[in-house]
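Student: Please choose one residue in a loop, look at it closely, and then take me through the elements that surround the topic. I would like the account to be careful and connected rather than a list.

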Amino acid sequence: MTNRDIKNQIRQFKQTLCDEFIQSESIFRITEKLCLFIDEILITLFFKNALDNHQFSLLALGSYGRRELQLHSDIDLLILHQPNLMQSELHKVQNFIQNCWDIGLQVGHQITTVELCADLASQDLTVISNILDAHLLCGSKALMDELTYQTHVLHMWPSREFFFAKQQEQNTRHKKYGETAYNLEPNVKCGSGGLRDLQILLSIGKRHFNIKKLGQGIDYGFITNKEYEELSYCQHFLWRVRFALHMLAEKPEERLSFDYQIKLAKLFHYQDKPHSLAIEQFMKDYFKIIKRIRELN
């Protein structure tokens, strides 16, 4: 199959997901389908470039690692390799990344050893947060296990230190996106009450309780059943809004501008009423959701 064929396959698959979305298919199911589809493509390319041996490990990070990939989200990858590789082996990895770009995947990547990655994680909050989201796609499980061990809470970023660092990270982000313009045209991903405020809860839970999913935090008293149900409902709402934004913009758009507010209100079947426009009803529901996320956060 040529690169053009694969490009067309990706485009057709995403169009199918858009059709399903418009027909009110579950956003969780759509997200799962997208992750599995991208998995299959990347694993095929991994084998095509003869990386399927004990020397390499292919890990998904970020939203892809959390299995929360949206229509035009970046695909963040970490490729771990054994130290002292021959140049010919590293060239295979570079070919793999080039193949990803050639077929139109928006890939962000890091190619490194376990030791170097762990050293960077010990100094960088973003890196350690990404490692907590890591999901093994294929290759050496031993390399991922070694990274997990070296970045364990006993070796770096103790829970208390991690908590306050994430809290400061969130405060900084809220200040950046707290201006009037952002309140009128909010950022679904990074704004106060947005998806990042949900993700940070999971990150803290992962570091302190070693949970994999937020729902597992119920067993530790981290959240209650009712709070989890509310967070799931809020996530469902924001995922649908974000997917629709990506679909309408045909790119990773995260800002809910006035133009998109009008289009989304129509897409989600809001209708003008004598005392309230469709856009007003939609945004009222949106602000209710992000207000509740802020409270739970």
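Tutor: E68 is buried, at a relative accessible area of 12%, where buried stands for under 20%, exposed for over 50% and partly exposed for what lies in between (1.4 Å probe, protein chains only). The model is a predicted one, in which local features need pLDDT of at least 70 and side-chain atom pairs count only at pLDDT 80 or more, while totals for chains, interfaces and linings use all residues. Residues are numbered from 1 along each chain as its sequence is written, and side-chain values use heavy atoms, with hydrogens and water left out.

E68 sits in the loop that runs between α3 (62-65) and β2 (75-81); helices (H or I, at least four residues) and strands (E, at least two) are DSSP runs, numbered from the N terminus. When neighbours within four places in sequence are set aside, the contacts of E68 (heavy atoms within 4.5 Å) are T31, C35, S63, Q199, Q235 and W239. R67 belongs to the loop between α3 and β2 as well, but R67 is partly exposed, with a relative accessible area of 24%. The backbone of R67 also deserves attention, since its phi is near 65 degrees, a positive value in a residue other than glycine. W157, in the loop between α7 and α8, likewise has a positive phi, of about 45 degrees, although W157 is not a glycine; with 11% relative accessibility, W157 counts as buried.

Two of the contacts of E68 lead on to other helices. T31, one of those contacts, is 20 residues from L51 in sequence and 27 Å from it in space, C-alpha to C-alpha. Q235 is another contact of E68, and E230 lies in helix α11 (residues 225-249); beyond its neighbours within four places in sequence, E230 is in contact with R292 and L296.

Helix α2 can be followed next through its packing. Helix α1 (residues 3-22) and α2 pack at about 170 degrees with their axes 10 Å apart, the axes being lines fitted to C-alpha atoms, for helices over the stretch in contact, with angles from 0 to 180 degrees between N-to-C directions. That angle makes α1 roughly antiparallel to α2, on a scale where under 35 degrees is roughly parallel, over 145 roughly antiparallel, 65 to 115 roughly perpendicular and the rest oblique. From α1 the contact takes Q9, I10, F13, K14, L17, E20 and F21, and from α2 it takes I27, I30, K33, L34, F37 and I41. Those residues divide into nine nonpolar, one polar and three charged, with Ala, Val, Leu, Ile, Met, Phe, Trp, Tyr, Cys and Pro counted as nonpolar, Asp, Glu, Lys and Arg as charged, and the others, Gly among them, as polar.

The partner to consider after α1 is helix α4 (residues 87-102), which packs with α2 at an angle of about 140 degrees, the axes lying 9 Å apart, and α2 and α4 are therefore oblique to each other. Here L42, L45, F46 and K48 of α2 meet F96, N99 and C100 of α4, a set that divides into five nonpolar, one polar and one charged.

L51 occupies the loop between α2 (27-48) and β1 (56-60) and is buried, at a relative accessible area of 0%. Apart from neighbours within four places in sequence, L51 is in contact with F46, F56, E89, K92, V93 and F96. N95, found in helix α4, is instead partly exposed at 31% relative accessibility; N95 and N49 are 46 residues apart in sequence and 7.2 Å apart in space, C-alpha to C-alpha.

Q199, a further contact of E68, brings in the surroundings of helix α6 (residues 125-132), where L125, V127, I128, S129 and I131 are buried. These buried residues of α6 pack against α5 (114-123), α7 (141-150), α8 (159-176) and α10 (195-209). With α8 in particular, α6 packs at about 110 degrees, with axes 11 Å apart, which makes α6 roughly perpendicular to α8. L125, T126, I128, S129 and L132 of α6 and F162, A165, K166 and E169 of α8 make this contact, which by class has five nonpolar, two polar and two charged residues.
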